[in-house]
Amino acid sequence: MGKTFMSALYACVMMLTVASATSLQDCEADMTGFELVTGYVFTAPDDLLDSIPGTLMLTDCLEACQSNDTCYSVNYETGLCVMFSSNADAYPGALSKSQFPVFTIYAQKTCLGIKPCERAWCFDRVQGYKLKGFGKKKLSASSRQDCLELCLGEREFSCRSANYNNSTAECELSDMDRLTVAGQGVFEPASGMDYLENNCVDEPIKLCEFKKFPGRILKTVDSVYQDVGSLDDCRELCLNSPYRCHSYDYGDTGEFVCRLSHHSRATLADIQDPYLEVPEASTYELNSCYNISIECRSGDMVARIKTSKLFNGKIYAKGNPNSCVQDVRGSLDFELEMAYDDVECNVKQQGLGRYMNDVIIQHHDTIITSSDLGVAITCQYDLTNKTVSNEVDLGIQGDLKPAMTEEVIVDSPNVAMKITDRQGADVKPSAEVGDPLALRFEILDQNSPYEIFVRELVAMDGVDSSEIVLIDADGCPTDHFIMGPLYKSADTGSGKILLSYFDAFKFPSSEVVQFRALVTPCMPTCEPVQCDQEDASGELRSVHSFGKRRRRRSTKSTSDARDDLLLVQSIQITDKFGFGAQQASPEMKPTDATTYSIKHQDYNIDSLCVNLFGVIISCLVFLAVQVAVLIAWAYVWNKKRQVDKYHQDGLSVSMSIPVGRTDSMCKLYDSGYAKRY
């Protein structure tokens, strides 16, 4: 019985292999495509066609298979291409995980019923995973390939991915993929499911932002280029690659060597240890790209933005973040209309028929970060022949270049708050938005018996009282993308120096940013607080932060309790989006560092700040002057009264003088009256 079953199973496998071979052999060249499975290796020694060492391009490996009619699949690692005359559909058990020491990329040739795009491959497949919560349409599909074709042929929306249920043959199409929803934690394991990601979608590539991740590079990449002149040249190779390139590294594996990959952290959730730890190396990952188009209408201009990642934030006319603005929540496409006669949008007319404005694309609701973009847009109307042209000025250099000066020293207990580099040294005299910085809290007296923790760190706008909480009352960061948790300095390892990492940011409507924090000493050590922080995959993980909610004081221990210290700091930030030179605020120079020393005890301020003290002194001086004036006036008035009385008494002895006559004394002297001296 067992022998008969095995024979039947072998016969079925052979029939599938022959059927697959027949369909691929009969398939037209422009109807064939490849499906990639990362982290898996196909093992079929009897069907091995060729091994090509020294292959540094995945595209070269796929082209070699494409040109060989007997090739149905390949295994690729950086530097090695292996071709097979069978595939994993015919031998499912021959496909197994391969993640150590490097991960392999398995690619399978397929004949599609819909003409695929001209990119190197059509789909990426992840076995045992699905994208949750973004389904747009559910259809029945007899096979995984049918589901692929349904996604490629979808016309109602842009199909970016599909979930295929192998048990129910249900195909769920979606307009999102792992990259557009990166960080939301919706890509999760699912038994019996295949996640299919469309590599043929059109993505924005004009305004692209790459983020640097130091200390690691990918173990396996798709392309290796040699003799690449610069890091910028490597970036351009990534943006113009024949596939959706999402990361690159340069000069880390050899001089002038550029390596590209369609993978990033968002697409490697199912791969164990995909990176090689190299302290001096760096990987640059594509964060988001934007395509911007302008529609010039009779009475207004419309800026339309298409992005590669779900956008949450706002788009507004520069200088009018609260009046000419469009809030965006979870969208890949959004726009801003600006009427020419709308004072709030402040569209500028330059010459006859030429209208210009500057638009800001801001991710955070309150502050400007390094991820934000500024775009100068123009509509030019030819009033002679009534034709309309539009342009987008994408040549923006030097975006967001603020100047920052800062240092606050609090006398008791000699705690300083400074902005430094990431190592906690060298106070930064100036910085640009997006610069990697650290907020440093330090007890200046190294022999102090105390340690410190920080809570209620707030950044405030110096104009309209906008503010954002960076560290909450529990001592945890509210948004780790803006401000990280508080760590002990690695140099000392003690709680006398705390560091929190952040990228420089500013408020959109002000050149002044104020930092305010409560610092509380504790003895002998400060215990950290547990904070939940979202990682790159969207999952929550627990981290330590040396900020902590203050414990309630008991009436018996008030004498032993230590006062909180309220640290306040003003920072000048110059807004430069690249639209033209901006003048620094005359109210605050880069060298001005406003210093406060404020004692805070259970939120009751005991001592007065410098400005209030000056006002009181001025009032006291003014009152003293007024009192002196009153005393002098009283003295003069009293003296004059005595003199007048004396004169009146003397004159009444000899004669009566009419009151109010100005010539009476003259007549008296003229008549020979003896003068009194």
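In this predicted model, E156 is exposed, with a relative accessible area of 65%, whereas K137, the residue with which E156 forms a salt bridge, is partly exposed at a relative accessible area of 21%. The closest N and O atoms of K137 and E156 are 3.5 Å apart. Because K137 belongs to strand 9 (residues 135-140) while E156 sits in the loop between helix 3 (144-152) and strand 10 (161-165), this salt bridge ties together parts of the chain that are 19 residues apart in sequence. Side chains of opposite charge can pair in this way when their charged atoms come close. The count of salt bridges in the model comes to 19.

A further salt bridge is formed by E203 and R160, with the closest N and O atoms 3.9 Å apart. This pair links distant parts of the chain, since E203 is found in the loop between strand 12 (187-198) and strand 13 (207-218) and R160 in the loop between helix 3 and strand 10, at a separation of 43 residues. R160 is buried, with a relative accessible area of 4%, and E203 also counts as buried, at 17% relative accessibility, a value that lies under the 20% limit for burial.

In the salt bridge between R178 and E197, the closest N and O atoms are 3.0 Å apart. R178 is placed in the loop between strand 11 (170-174) and strand 12, and E197 in strand 12, so that the pair ties together parts that are 19 residues apart in sequence. Both R178 and E197 are buried. Elsewhere, salt bridges that share partners join E35, D89, R125 and R144 into one network.

Turning to the cysteines, the structure holds 12 disulfides. In one of them, C151 is joined to C159, with an S to S distance of 2.1 Å. The torsion about the S-S bond of C151 and C159 is about -105°, so this disulfide is left-handed. C151 is buried, with a relative accessible area of 3%, and C159 counts as buried at 4% relative accessibility.

Another disulfide is formed by C208 and C289, whose sulfur atoms are 1.9 Å apart. Here the torsion about the S-S bond is about 115°, and the disulfide is therefore right-handed. The pair links distant parts of the chain, with C208 in strand 13 and C289 in strand 17 (residues 275-296), 81 residues apart. C208 is buried, with a relative accessible area of 13%, as is C289, with a relative accessible area of 1%.

C476 and C531 likewise form a disulfide, in which the sulfur atoms are 2.0 Å apart. The torsion about the S-S bond of C476 and C531 is about -85°, so the disulfide is left-handed. C476 lies in the loop between strand 28 (467-471) and strand 29 (483-488), whereas C531 lies in strand 32 (residues 529-534), and the pair links these distant parts of the chain across 55 residues. At 10% relative accessibility, C476 counts as buried, and C531 is buried with a relative accessible area of 3%. C122, by contrast, is in no disulfide, the nearest cysteine sulfur, that of C200, being 4.5 Å away, and C122 is buried, with a relative accessible area of 3%.

The interior of the model was also examined for enclosed space, and the count comes to five cavities of 30 Å³ or more. The largest cavity holds about 80 Å³ of space and is lined by 14 residues, of which T38, R125, V126, R178 and D270 lie nearest its centre. The elements that give two or more residues to this lining are strand 1 (32-38) and strand 8 (123-131), and strand 8 provides the largest share, four residues. By class, the lining of the largest cavity has six nonpolar, four polar and four charged residues. At least three lining residues come from each of domain 1 (29-198) and domain 2 (208-288).

The second largest cavity holds about 60 Å³ of space. Among the residues that line the second largest cavity are R178 and E197, the two residues that form the salt bridge described above, together with others including D124, R244, H246, H262 and H263. The lining of the second largest cavity has one nonpolar, six polar and four charged residues by class, and it draws at least three residues from each of domain 1 (29-198) and domain 2 (208-288).

How values were computed:
Residues are numbered from 1 along each chain as its sequence is written. This is a predicted model: local features need pLDDT of at least 70, side-chain atom pairs count only at pLDDT 80 or more; totals for chains, interfaces and linings use all residues. Side-chain values use heavy atoms; hydrogens and water are left out. A salt bridge is a side-chain nitrogen of Lys or Arg within 4 Å of a carboxyl oxygen of Asp or Glu. Buried means under 20% relative accessible area, exposed over 50%, partly exposed in between (1.4 Å probe, protein chains only). A disulfide is a pair of cysteine sulfur atoms within 2.5 Å. On a 1 Å grid over the protein atoms alone, a cavity is a set of points where a 1.4 Å probe fits but cannot get out, and a pocket is an open set with protein on both sides within 12 Å along at least five of seven lines; lining residues have an atom within 4 Å of a point. Grid points are joined across faces, edges and corners, and a volume is the space filled by probe spheres set on the points. Ala, Val, Leu, Ile, Met, Phe, Trp, Tyr, Cys and Pro count as nonpolar, Asp, Glu, Lys and Arg as charged, and the others, Gly among them, as polar. Domain bounds come from an automatic or database domain assignment.
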